[in-house]
Amino acid sequence: MDLLLDIASAVLLLTGGLLVFVGGVGVMRMPEFFTRMHAASVTDTGGAALILAGLMLQGGLTLVPLKLAAIFLFLFLTSPTASYALANAALLSGVATACRNQTGKQLPEERQDALSASKPQTPPVAKAPAEKAAAKKAATAAAPKKPAKKAARKATRKTAKKPAKKAARKKS
Amino acid sequence: MEWVYFGTCIAILITMVLAVVRGLMGPTIFDRVLAVNMFGTKTVLFIAVMSFLSGRPDFLDLALAYALINFIGVFAVLLFFQSRGVRREAEAEREAGK
Amino acid sequence: MTLYDQLPALVVAVLLFTAPIAYMLRLHGFPWFVATAGVVTSFAVACSLAATVIGGETIIYEMGGWPAPYGIVLSIDALSALMAMLITGASSAALIFGYKSLADEVGEEIAPAFFAAWLLCTAGLVGMVVSGDAFNIFVFMEISSLSTYVLISAGPDRRALISTYRYIVMGTVGATFYLIGVGFLYMVTGTLNTADLAARVGQVEDIRLVLVAAGFVSVGLAVKAAIFPLHSWMPNAYTFAPNAVTVFIAAASTKVSLYVLMRVDYAIFQNSIANHDVQLTFFLVPLGVLALFSGSMLAIYEKNLKRLLAYSSVAQIGYIALGISMTSVAGLTGAIVHMFNHGLIKGGMFMAVACLAIRYRTVNVANLAGAGRAMPWTMAAFVIGGLGLIGVPLTPGFISKWYLVLAALNEGWLGALLVAIILFSSLLAVIYVWKVIEVAYFREPRSNAVPVTEEAPLVMLIPTWIVVLAGVWIALDTGMTVGLASVGAKILLGAAL
Amino acid sequence: MEVLGLYNYFVFAVLLMVGLYCILARTNIIKSLIGLTIFQAAVFLLYISMDKIDGGTAPIILEGVDDQIFANPLPQVLILTAIVVGISTTALALAVTVRIKEAYGTIEEDKIQEMDRET
Amino acid sequence: MITIVFSLFLLTMLVIVAVAILRTDNLFTAVMLSGIFSLIMAANFFILDAADVALTEAVIGAGISTVLFLSALALTAEYDRSPPVGTWVPLLTSSALGGVIIFATFQAPRLGDPNAIVHKHVAPWYLERTPELIDVPNVVTAVLASFRGYDTLGEVFVVFIACIGVMSLLGRVRPRRDSIEEGEFEKRSDNLRHHLIPRVVGKMLVPFIVLFGLYVQFHGDFGPGGGFQAGALIAAGVILYALVEGGPRGRELVPEWFSSMLVALGALTYTAVGVVSMMRGGRFLDYSALSHDPIHGQHMGILIIEAGVGMTVAGVMITIFHAFSRRGIR
C-alpha cells in the first residue's frame, strides 16, 4: 500500500515538475506577452495542482494535507485572478499584440511607452500549422522590424485583414 | 522518495531561473510582472517540496504565507498601472490647459 | 528588589514608557508636558546613578533576569553615567528651552508625533550608552537615528527634507557597517555581550576577521559621529533642523557615537589585536587633525551662523578624536571631559542662536548687525560660549584642552606637534568667533533692515543662561566631570591593560 | 568543497558592493534607496549563513524526536530585528522622498543641488 | 549537502538579479526585480534553516516593501535619470569594500561547519535550556521574546518611530493641483472596484489572510511565526481590502485614529509588561515574576508581548499604507 502511494505521488510530483518546467520554457520561448502569459498561467495552476496532490499523498493523516489543500485552494483562486488582472492591465496599456484590432479599440498614443525597452518585438518563427496561431504569428512577422510604432501597428492591422493562411504560407 | 523530491526541486529551480531570465529580458514591464508572479508561485512550490525533502512538513505555513503575499503584490501593481494612466491623463489635461 | 536596584533599567524605561503616552494624548500642550516630565525624570535617575558609580564600581543589570552572555545586560560605570547625564540633561534643557520656539516651528498637528520622537531619540541615545550588548547598541542606535530623522525633517525649510534624506542614507550605511562588524565578531567569538566579547576575542587564532571587524565598527561609528571625511551629513542637518532640535542633537547625538567607538575599541580590540594602540593612532590622529583644520577653515568662510557652529563642531570632534587616539589616562580624560563640556558649550551657543533667530528671522551672520545692542543678554551668552570654544581660562573649553595638552606632552615629538596644532586651531576658533562678534557689536544694521529692539523672551533666555552658567560652574568646580571622566578613563584602560 | 563553502561570503561581498555602488553612483533617490535595501539584505545573508549547521534543521523542537541537530537560533533572532529595522528605515525614507518630490518637483539629487544653490 | 547546492544555486541568482537592478534605469523594473530579489533571499533563508526569518522576509520584503515602493513611485517618478557621471569614486570605494571582505572571510568557517565557534558558545545553551526555562518548542520565539526581549522591545519602538515619522511627514494635507474634478480622480484610480474578478476574489481572501495572520500570531510558540509576521500579515489583509475597494473604504474599515492608537497601545503594552514585572519584584521584562510559577509567567509574558508586537506592527503597516495612499488623491 505504501509502495503504491509512493509510486502514485512520485508520478504526480514528476509530472507536475515537468509541467512546471514546460511552463518555464513557454515563458522563455513564446513570441509575445500574451502567449507567454498563457504558458505561465495554465502550467502554473496545473503543475502546482499536481505537485501539491503528490505531496498530499505523502502527508499521511495529519494537518499537513489540510494545509496543502489550503495552499492549493489559494493558488487556484489567486493565480488565475492575477493572470486576468495582468492581462487586463497589459491590454489597456496597449502592449503590442497580433490580434489587437479584434478588441476594436484604438488606444491613446502616449500609453505606448509602457514598453519599457523600445526594442521591437522579435519576429517569431512561423511554422506552426495551427490556423489561428499561424495567423497571429504571420501578422506579427509581417510587421516591419524597425519603423515607428504607429507604422508598425498600421502594418499589423493591414496584414491581419488579409487571408492569414496565405501570409503564413508565404513566410514558410 | 528523496530522489523524486529532489528531481521536482530541480525542475522548479530551473523554472525559477527561466522566470528570472524573463524578468531580466523584459521586454515590456508586464513581462517583468509576469516573471515576479511566476517566480512567486514557484517559490511556494519550492518551499512546499523542500519542507518534505528536509523532513519538516510543518513548515507549510510559509508556503501558505507566500501564496497570499504574492497575490497582494500583483494587485498593487495593477493599481499602480491604473493610477498611472489616470495621472497621465490629468497631466495631459493640465498641459492642454496651459 | 528595591527601587534603587531598578534604577539602571528605569533610566531608559521611563522614556520608552512615556513616548506612546505623549503620542496618544493629543490635548493641547500635553505632549510637551509629558515629554518634559519623562526626560527630567530620566535626568534625575541618571544623576543618582552617577552618584552611585563615581567611586569606580560597575553596575550590571540583567534584563529579564537572564545572566550575562545569554541575556542582555546593562552595564553602567562612571563613563556611561556621565554620558547619560549629558544626554538627559541636554534633552531636558533643550525641551524646556524649546517650549516657545518649538510651538513656533512645529505645527500643533504633528506635535504629538514630534515629542514622541524626541522622547525616543533620548531613549535611543541613553540606551546606547548604558547597554552592555553589541547588538543591543545597534537596536538603540537605530531608535535614536530614526527619531533624529523625524526631528530634523520637522524643520520649516524644504532643504530640511533633503538634509534628512542624506542623513538617512549616511546613517543607515554607518549603522549597517557597525552591524557587519558585530557580525564578524560574533562569527569568531559566538557571543554578543561586550564583556564576554572582550574576554573571548583575545583567544581568536585568525586575527584577520577581528581586524576587519574593528575596521567596520570604527568606520560605521565614525560616520555616525561625523568624524572628518564622513561628516558631510552633519552641517546641513544641524542647519535646517528646528532650533531646539539642533540644540539637543548638537549637544548629545554625535558624542554618543564617539562614546561607543571609544568603549568598543578600548574594551574589545585593545587587548586582542597586537599594536592596536598604534593602529588607532594612525586611524584617528590624521582624521582628527584634518577635522581641526578643515572644520575651522570652513567655519571661517561660512555665512550661515548655524552652519558655522556645525563646522565648528566638526573641528571640536577632531579634538575628541585626538584625545581618544592617545591611549593614556590623561588623553582619555581630556576626550571625555571635552565631550561633556563641548556638549554644554554648543548647547548654550545654539540656544543663543535660536534666541537670535526668533527675533531676526534669519541666521545669516551679515544680517545680525547690531544684535549686540538690541539683544545684549543673548549676545553675552553667545560670547561666553564662543570663549569656551576658543578655550579661554575660566570657561569649560579650557579644562578639556588643558587635559588634552597635558596628555599630548607625554607623547614625545608627535605630542609636541599635536600641542602646536591644538593651539593653532584655537587661534582659528578665535577668528570665526570674532567674525560673529564683530558683526553683532561693531557694525551698524543695514538701513533697510527691520530694526530689532526686543530682547528674546524670558522663557528662552533663562534656560540659555542656566546652561551658560552651568558651563562656567563646571569650569570652576571640576570635581564632578573630571572625577567621573578620570574614573571612566581608568576603567577603559584597566580593561585594556 | 572548501571554497564552495565560502561562496556565501563572496555573494555577501558582491551584494554589498552592488548596494554601495548603487547608493553612491546613482543620483535618483528611489534608486539609491533600492540600493540601500540590497546593502542591508546582504548583511542578513551574512548572519543567516552563520546559523546553518550540517544536517541540522530549523530550531523548533519536535516532541519525541531525540538527537536532532538544530540550527543556531541567535542570528535568526538578530536578523528578525534587523529586517524590521530595515523596513522602518525604508518606509521613513520613502516618505521623505515623497515630500522631496512635492517640494522640489524632482527626485534627482543633482538637480536638487542646483536648485538649492540658486536660492 | 543537497541544501548547500541549492543554496549556491539561489545565491548565484541573487547576484544576477542584484546586478540587473543596478543596471536598469526604469524604476518600476527595479522594484519588480527587487521583489524577485526578496523572494530568492527568502527561499535561501528557508534552505538555511531559518524558517522564521524566511517568513518575515517574504511578508515584509516581498510583500509590504513592494507595496510601499510602488506607492512611492506612483507619487514621484518612474525613470532614473541619473547622469552617467564619472563613476570612479563609487567604483573604487565599493571594490575596496568587497576586497576587504573577501580578504577577511578567507579563513572564516565554511557554510554549515559544525565546528564553527558560533555553534559552540552561547547558542547551545539556548537550545538546551529553553525546554526547562521557558518551555516553548520554537527556540527562536523564546530567544526573541524572553532571552533577548529587550532587543525586541527596541525593535517595536523602531517601527513605532517609523510610523510616527511617516505620519508627521505625510499626515499634513497639501492642496490639490490636479485639473480633474474632486472625487473623479479617486473614483478612477484609487480602487479596483470595476474589475469584477479581482474584486470578488480579493475581498473573499481578506478574511482568510486575517485568519491566517491570527493563526501565525498564536501558533508562533510552536511553529514559525510570531508577532511581527502576524502583524504584517494582518496588515497585508487590510491593505488588500484597501487596494480592492479604494483608500477611503479602506480607511472606513480601519480608521486612521484606530490604527495609530493600535501602534501606541502595542508599544505601551510591551513596556507595561516590563514595568509590571519590575513592580512584582523582578527585573525589567522578567516574565517569571508575573506569576507564581516561573514557566507559567514566561508563557503569559510571551503571549502578552507577542500580542503587543502584533498590534504595533499591524497598526504601523496599515497607518503607513494609509498615509501613502491618501497622499495620492490629495
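These are my notebook entries on a predicted model, covering one interface between chains, some aromatic rings and a few single residues.

**Entry 1: the interface of chain E and chain D**

I began with the contact between chain E and chain D, and I found that 98 residues of chain E and 79 residues of chain D take part in it. I then looked up the area buried between chain E and chain D, which comes to about 7900 Å², with 77% of it given by carbon and sulfur atoms. Three residues, Leu22(E), Asp49(E) and Phe69(E), supply 9% of the area that chain E buries against chain D, which is more than any other three residues supply.

Next I turned to the polar side of this interface, where I noted two salt bridges between chain E and chain D. One of them joins the side chains of Arg110(E) and Asp54(D), with a distance of 3.1 Å from N to O. I also noted 15 residue pairs in polar contact across the interface of chain E and chain D, counting pairs with both residues at pLDDT 80 or more.

Which helix gives the largest share of the side of chain E that touches chain D? I found that it is helix H3 of chain E, residues 51–75, which contributes twelve residues. Sorted by class, the side of chain E that touches chain D holds 64 nonpolar residues, 22 polar ones and twelve charged ones.

**Entry 2: aromatic rings**

I then searched the whole structure for aromatic pairs and found 43 of them over all chains. In one of these, Phe30(B) and Phe81(B), the ring centres are 4.5 Å apart and the planes stand at 50°, so I wrote the pair down as tilted. Phe30(B) belongs to helix H2 (residues 29–53) of chain B and Phe81(B) to helix H3 (residues 60–97) of chain B, so the pair ties together parts that lie 51 residues apart in sequence. Are these two residues buried or exposed? Phe30(B) is buried, at a relative accessible area of 0%, and Phe81(B) also counts as buried, at 7%.

A second pair that I looked up is Phe59(B) with Phe46(E), whose ring centres are 6.1 Å apart and whose planes stand at 80°; because an angle over 60 degrees counts as edge-to-face, I recorded this pair as edge-to-face. Phe59(B) sits in the loop between H2 and H3 of chain B, while Phe46(E) sits in helix H2 (residues 27–47) of chain E, so this pair joins two chains. Both Phe59(B) and Phe46(E) are buried.

I also noted one aromatic cluster, which is formed by Phe33(A), Phe34(A), Phe30(B), Phe80(B), Phe81(B) and Phe28(E).

**Entry 3: single residues**

In chain C I looked at Gln6(C), which lies in helix H1 (residues 3–24). Its relative accessible area is 3%, so Gln6(C) counts as buried, and its side chain makes a polar contact of 2.6 Å with the side chain of Tyr61(C).

Finally I looked up backbone angles, keeping in mind that most residues other than glycine have a negative phi. Ala226(C) has a positive phi, near 60°, and is found in the loop between helix H8 (207–225) and helix H9 (234–240) of chain C. With a relative accessibility of 0%, Ala226(C) counts as buried.

Asp49(E), which is not a glycine, likewise has a positive phi, of about 65°. I placed Asp49(E) in the loop between H2 and H3 of chain E, and I noted that Asp49(E) is buried, with a relative accessible area of 9%.

Conventions. Residues numbered from 1 in each chain as written. Chains lettered and ligands numbered in written order. Predicted model: local features only at pLDDT ≥ 70, side-chain atom pairs only at ≥ 80, totals over all residues. Heavy atoms only, no water. Contact = heavy atoms within 4.5 Å. Buried area = accessible area lost by both parts, 1.4 Å probe. Salt bridge = Lys/Arg side-chain N within 4 Å of Asp/Glu carboxyl O. Polar contact = N/O pair within 3.5 Å; in protein donor to acceptor, adjacent residues only side chain to side chain. Helix = DSSP H or I, 4+ residues; strand = E, 2+ residues; numbered from the N terminus. Nonpolar A, V, L, I, M, F, W, Y, C, P; charged D, E, K, R; others polar. Phe/Tyr/Trp six-rings, centres within 6.5 Å; stacked < 30°, edge-to-face > 60°. Buried < 20%, exposed > 50% of the residue type's maximum accessible area, 1.4 Å probe, protein only.
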